[in-house]
Amino acid sequence: LKECDTWYLMSLHQKPSLLRAKKLYHQLQLEDSFEILNSFFSDLSIEQAVEHDEAFSIYIRVLYELEKTELLLSYQNRLKGSSNSGKSVELEYQLAMSHLSDDLRQIEHAKKSFESLLFKTQDKNLLARIKMALSTCYDFLEGDWRICQSIIDSIDTEVLNTYLLDVVSIW
């Protein structure tokens, strides 16, 4: 078997574990999700990892939430060096989220990323998440609540899922 065939067969075999990691993530059992995702992604090239779009997006978010800074920086750097083809808007969103920190340069980077994502998706729920994150960036960088409010007011709440509708209403 060629290397790519072996990788494909391995990824099919791992699919149940990736689904379990996703379930654990949504149950906020991040450490357990991390163990599964880390064992899966640790041996993959960045190009192979990006092909597992949803699971890799979750992995990036888990790294961020668990403050696995060194590992997260490694993936951020490897993704910078790869082509943008194959990256989903969800993955780009999670990468931008991973730049939200107490470093204003990182927040500025996140802001630019969120601004570019505004025009890359038609998914209203993802667009709402992007706008809320962008509003957070403006809050930290500008401190002007009117800018934040105008961004939040631009969210189409008619089509949001219940969870996001609650989050937007809190803003």
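Leu 28 lies in the loop between α1 (3–26) and α2. The phi of Leu 28, near 60°, is a positive value in a residue other than glycine. This is a predicted model, in which local features need pLDDT of at least 70 and side-chain atom pairs count only at pLDDT 80 or more, while totals for chains, interfaces and linings use all residues. Residues are numbered from 1 along each chain as its sequence is written, and side-chain values use heavy atoms, with hydrogens and water left out.

**Overall make-up**

The protein has 10 helices and 0 strands. Helices (H or I, at least four residues) and strands (E, at least two) are DSSP runs, numbered from the N terminus. Of the 171 residues in the protein, 42% are buried. Buried means under 20% relative accessible area, exposed over 50%, and partly exposed in between, with a 1.4 Å probe and protein chains only. Contact means heavy atoms within 4.5 Å. Among contacts between residues at least 6 apart in sequence, 55% join residues at least 24 apart.

**Four single residues**

A second loop residue with positive phi is Glu 67, found between α4 and α5 (69–81). Its phi is near 55°, and Glu 67 is not a glycine. The table sets the two loop residues beside two helix residues.

| Residue | Place | Relative accessible area | State |
|---|---|---|---|
| Leu 28 | loop between α1 and α2 | 70% | exposed |
| Glu 67 | loop between α4 and α5 | 65% | exposed |
| Leu 37 | helix α2 (residues 30–41) | 1% | buried |
| Ser 57 | helix α4 (residues 53–65) | 2% | buried |

Leaving out residues up to four places away in sequence, Leu 37 touches Leu 18, Ala 21, Ala 55, Ile 58, Tyr 59 and Val 62. Leu 37 and Ile 60 are 23 residues apart in sequence, and their C-alpha atoms are 9.6 Å apart in space. With neighbours within four places set aside, Ser 57 is in contact with Ser 88, Glu 90, Leu 91 and Gln 94.

**Helix α8**

Helix α8 covers residues 124–141, and its 18 residues should span 26 Å at 1.5 Å a residue. The expected span is 1.5 Å times one less than the number of residues. The end C-alpha atoms of α8 are 25 Å apart, which agrees. At the start of α8, a side-chain oxygen of Asp 123 reaches to within 2.9 Å of the backbone nitrogen of Asn 125. Just after α8, Gly 143 takes a positive phi of about 70°.

The buried residues of α8 include Asn 125, Leu 126, Leu 127, Ala 128, Ile 130 and Cys 137. Together, the buried residues of α8 pack against α6 (89–97), α7 (104–117), α9 (145–153) and α10 (162–170).

**The pair α8 and α9**

Two packed helices are described by the angle between their axes and the distance between the axes. The axes of α8 and α9 come within 9 Å and cross at roughly 175°. Axes are lines fitted to C-alpha atoms, for helices over the stretch in contact, and angles run from 0 to 180 degrees between N-to-C directions. The two helices are therefore roughly antiparallel to each other, a term for angles over 145 degrees. On the α8 side, Lys 131, Met 132, Leu 134, Ser 135, Tyr 138 and Asp 139 meet Ile 147, Cys 148, Ile 151 and Ile 152 in α9. By class, this contact has 7 nonpolar, 1 polar and 2 charged residues. Ala, Val, Leu, Ile, Met, Phe, Trp, Tyr, Cys and Pro count as nonpolar, Asp, Glu, Lys and Arg as charged, and the others, Gly among them, as polar.

Methods. Polar contact = N/O pair within 3.5 Å; in protein donor to acceptor, adjacent residues only side chain to side chain. Parallel < 35°, antiparallel > 145°, perpendicular 65-115°, else oblique.
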